[in-house]
Amino acid sequence: PTRRFAEVTEEELRQYALSGLEMLLEHYPREKLKDATAVEIGPGDNVVQAMALLALGVAKYHAVDRFLGDVCSENARRLYRRVAAELPGRYSILGDFVPDPESFPASLEGKKVTLWRKGVEDFESLPLTGEADLVFSHQVGGHVAAAPAFVRASFAWLKPGGTAVHRIHFGPVVCWDRYENPLTFMTVNGVLWSLASSHRGISNRIRFDEYCEEFKRSGFHLTTRVLEKYKSEHAEEIRPYLKGPLRQAARQSLQVALADFICVKPV
């Protein structure tokens, strides 16, 4: 949320809380959340998913984000208040199970909530190997600096039989979404793109097929669901201007705008 001290709108509620939760519940059975350990990669400026998951029965929640914001700020708290009020009715949860939005998450840190201010590149240094039943992220994979580390972290942290659920946005952000062809950001020289990008909010330009290969290479059993696609003419228009590995990308891969990756670690 960007507006301080205002009521959370329906759009903010959907964008910052419900869309991520609905993604999880679509691909991970609600009954499996009971007593589970969940790891969220890149929650950003709030840990609202922790509130929802704890209310649904998760025993432990870990946030891993090098750029984790002030999750106790008033901006974050107004979202916690709105979600705390919405959860019982929307998901048939007893109000007593919902964490107190006025003290969350500080009151639960070191007990049910752990915040790791590190990037996925440091996944081996975190005491999470083989600990998680569920690893997830919501529109984070398109911005991480190291996609292979993002995938390997997911695999390493999961217990055998555990599940990773990642929704990845493959399109433009910030000023790049103003072009008539939404794939224009793919045509920038790779060296220039790397120099201009901090990978916090800027696309890493990893394509759909590349992520599929990374997840499979790591050992996951992978299922994908493409949610949004760009027009084929957009992909064909930029083709002559692509350089390096991007030039080898299949048209279907370039067209993917938003997709879910459901990854199961073998037993």
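**Entry 1: α1 and α3**

What is the handedness of the crossing of α1 and α3? I looked it up in this predicted model, and the crossing is right-handed. I then pulled the geometry: the two axes come within 11 Å and cross at roughly 55°. α1 and α3 are therefore oblique to each other, since an angle that is neither under 35 degrees, nor over 145, nor in the 65 to 115 range counts as oblique.

Next I listed who touches whom. From α1 I have Glu10, Glu12, Leu13, Tyr16, Ala17, Leu18, Leu21, Glu22 and Leu25. On the α3 side the contact is made by Arg78, Leu79, Arg82, Val83, Glu86, Leu87, Arg90 and Tyr91. Sorted by class, I get 10 nonpolar, no polar and seven charged residues.

**Entry 2: α2 and α3**

I moved on to the α2 contact with α3. Here the axes come within 10 Å, crossing at roughly 25°. That makes α2 roughly parallel to α3, because the cut-off for that label is an angle under 35 degrees. I noted a right-handed crossing for α2 passing α3.

In α2, Val48, Met51, Ala52 and Ala55 do the touching, and they meet Leu79, Tyr80, Val83, Ala84 and Leu87 in α3. I jotted down the class split as nine nonpolar, no polar and no charged.

**Entry 3: the cavity**

How many cavities of 30 Å³ or more does the structure hold? I found one. The largest cavity has about 30 Å³ of space in it. I wrote down its lining as Ala17, Leu18, Leu21, Val48, Gln49, Ala52, Val83 and Leu87. The elements giving two or more residues to that lining are α1 (10-27), α2 (48-55) and α3 (74-91).

Some names were already in my notes: Ala17, Leu18 and Leu21 are in the α1 contact with α3, and Val48 and Ala52 are in the α2 contact with α3. By class, the cavity lining comes out as seven nonpolar, one polar and no charged residues.

**Entry 4: the loop after α3**

I checked the backbone in the loop between α3 and β3 (113-116), where I find proline 105. The peptide bond from phenylalanine 104 to proline 105 is cis, and its omega is near 0°. Serine 92 is found in the loop between α3 and β3 too. I flagged serine 92 for a positive phi, near 55°, in a residue other than glycine.

**Entry 5: α4 and α6**

Then I looked at helix α4 (residues 147-157) and helix α6 (residues 208-218). They pack at an angle of about 40°, and their axes are 9 Å apart. That makes α4 oblique to α6. I logged the crossing of α4 and α6 as right-handed.

The α4 residues in this contact are Ala147, Pro148, Phe150, Val151 and Phe155, which meet Tyr211, Glu214, Phe215 and Ser218 in α6. My class tally for the contact reads seven nonpolar, one polar and one charged.

**Entry 6: the second largest pocket**

Last, I opened the second largest pocket, which has a volume of about 300 Å³. Which residues lie closest to its centre? Of the 21 lining residues, those are Gly190, Ser194, Asn204, Arg205 and Leu246. Helix α5 (residues 190-196) gives the largest share of the lining, three residues. I recorded the classes in the pocket lining as 12 nonpolar, six polar and three charged.

How values were computed:
Residues are numbered from 1 along each chain as its sequence is written. This is a predicted model: local features need pLDDT of at least 70, side-chain atom pairs count only at pLDDT 80 or more; totals for chains, interfaces and linings use all residues. Side-chain values use heavy atoms; hydrogens and water are left out. Axes are lines fitted to C-alpha atoms, for helices over the stretch in contact, and angles run from 0 to 180 degrees between N-to-C directions. Helices (H or I, at least four residues) and strands (E, at least two) are DSSP runs, numbered from the N terminus. A crossing is left-handed if the near helix is turned anticlockwise from the far one by less than a right angle, and right-handed if clockwise. Contact means heavy atoms within 4.5 Å. Ala, Val, Leu, Ile, Met, Phe, Trp, Tyr, Cys and Pro count as nonpolar, Asp, Glu, Lys and Arg as charged, and the others, Gly among them, as polar. On a 1 Å grid over the protein atoms alone, a cavity is a set of points where a 1.4 Å probe fits but cannot get out, and a pocket is an open set with protein on both sides within 12 Å along at least five of seven lines; lining residues have an atom within 4 Å of a point. Grid points are joined across faces, edges and corners, and a volume is the space filled by probe spheres set on the points.
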